[in-house]
Amino acid sequence: MRGNFGALYTNLLRAGFVGAQVQQPQQTVTFTGRMAAAWRRHWSHYVAEAFGLAFFISCASLLTVLLEHPASPVRQALPDSTLRRGLLGMAMLLVVVAIVYNPWGKRSGAHINPAVTLAFWQLGKMRLPDALWYVLAQVVGAILAAQLMALVLGPLYAHPAVKYAVTEPMPKPGGEALAFAAEFVISFILMLVMLGCLHSSKLKKLTGWLLGALIALYILFESPYSGMSLNPARSLGTALAARSYHGLWLYWVAPPLAMWLATVLFRHFYHGEALDCAVLAGCGPGTTSPHSPEAEPPQYPDE
């Protein structure tokens with residue numbers, strides 16, 4: 001009897017009425033699919049990055065017109081360029097603090113800089129699709145903000161004393177080399193300070209203030225050499241508005257290269273100890289995080 005059932009099963013299998021259990025192949029997710037999934041989950045973070053950099057550029061542009069345009073009463077009252085740069089630096093310190101510590105800045109991490117985002121990606125705090133969306137959002141925010149300022153401010157923004165708040169090397173022999181070196185140094189120091197603060201339980205909540213103070217010092221002392229960019233997207237946005245691309249390449253090379261080197265040194269000195277997250281306002285694991293579970297910043301591991 002058992003043999004008859006075995007023969008029957010074999011015949012049905014051959015006829016196709018009975019199928020052997022076949023393991024379904026695992027579906028592979030394409031890179032486009034990963035990008036789409038990242039957008040669905042974290043689109044608000046990307047929008048926050050675009051608006052953050054747009055706000056930075058808008059404030060820098062308006063303040064530059066106020067302090068540098070010859071028709072401005074502030075410019076007429078303050079003939080000393082060093083004093084004007086000092087005031088600009090203090091104002092931009094407050095702008096940086098506002099970007100870092102507002103709810104949207106805490107949500108996205110307030111990178112507002114492709115070089116910063118790529119550094120956090122290198123440290124394993126962001127997935128590649130998120131990092132790419134961040135960079136794209138930052139570039140779009142910078143371009144739209146500079147174009148909006150050009151439309152609103154018109155001739156005031158185009159005046160040679162303002163020149164669209166563009167970042168350019170000094171117009172003299174060796175100006176590009178000097179600007180490259182200056183951008184490399186200030187970017188390297190900025191990233192080391194940032195990582196050191198975020199790694200410190202005492203300083204992580206003050207990271208935004210310390211970075212803002214550092215940027216204020218850069219504006220005061222370094223801006224005559226390179227325009228004090230630190231930010232490839234910021235330089236691209238104003239260059240497109242001004243249609244002036246002198247030395248633009250160096251702002252896309254020096255800051256990312258310097259910040260990459262800073263992350264390498266950070267890993268070496270801290271023996272691979274990880275940061276809690278890629279948020280400039282500072283955060284900690286669990287209940288100390290400023291984020292609710294549904295609003296966690298993009299970071300590893302993949303879900």
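Guide: A nonpolar core is a set of buried Ala, Val, Leu, Ile, Met, Phe, Trp, Tyr and Cys residues joined through side-chain atoms within 4.5 Å. The model discussed here is predicted.

Visitor: How many residues has the largest nonpolar core, and which have the most contacts inside it?

Guide: The largest nonpolar core comprises 71 residues, and those with the most contacts inside it are Phe 56, Phe 120, Tyr 157, Leu 190, Met 191 and Met 194. At least two residues of this core come from each of several helices, including H2 (31-68), H7 (128-153) and H9 (175-199). Helix H2 provides the largest share, twelve residues.

Visitor: With which residues is Phe 120 in contact, beyond its neighbours within four places in sequence?

Guide: Among them are His 111, Lys 125, Met 194, Leu 198 and Leu 280.

Visitor: How many aromatic pairs does a search of the whole structure find?

Guide: The search yields six. In one case, the ring centres of Trp 39 and Trp 133 are 5.0 Å apart with planes at 45°, so the pair is tilted. Trp 39 belongs to helix H2 and Trp 133 to helix H7, 94 residues apart, and the pair thus links distant parts of the chain. Ring pairs also join Trp 39, Tyr 46, Trp 133 and Tyr 134 into a cluster.

Visitor: Is Ser 229 buried or exposed?

Guide: A residue counts as buried under 20% relative accessible area. Ser 229 has 6%, so Ser 229 is buried. Ser 229 lies in the loop between helix H11 (223-226) and helix H12 (232-242). Outside its neighbours within four places in sequence, Ser 229 contacts Thr 167, Glu 183, Arg 234, Ser 235 and Tyr 251. Trp 39, by contrast, is partly exposed at 37%.

Key: Residues are numbered from 1 along each chain as its sequence is written. This is a predicted model: local features need pLDDT of at least 70, side-chain atom pairs count only at pLDDT 80 or more; totals for chains, interfaces and linings use all residues. Side-chain values use heavy atoms; hydrogens and water are left out. Helices (H or I, at least four residues) and strands (E, at least two) are DSSP runs, numbered from the N terminus. Buried means under 20% relative accessible area, exposed over 50%, partly exposed in between (1.4 Å probe, protein chains only). Contact means heavy atoms within 4.5 Å. Rings of Phe, Tyr and Trp (its six-membered ring) pair if their centres lie within 6.5 Å; planes under 30 degrees apart count as stacked, over 60 as edge-to-face and the rest as tilted.
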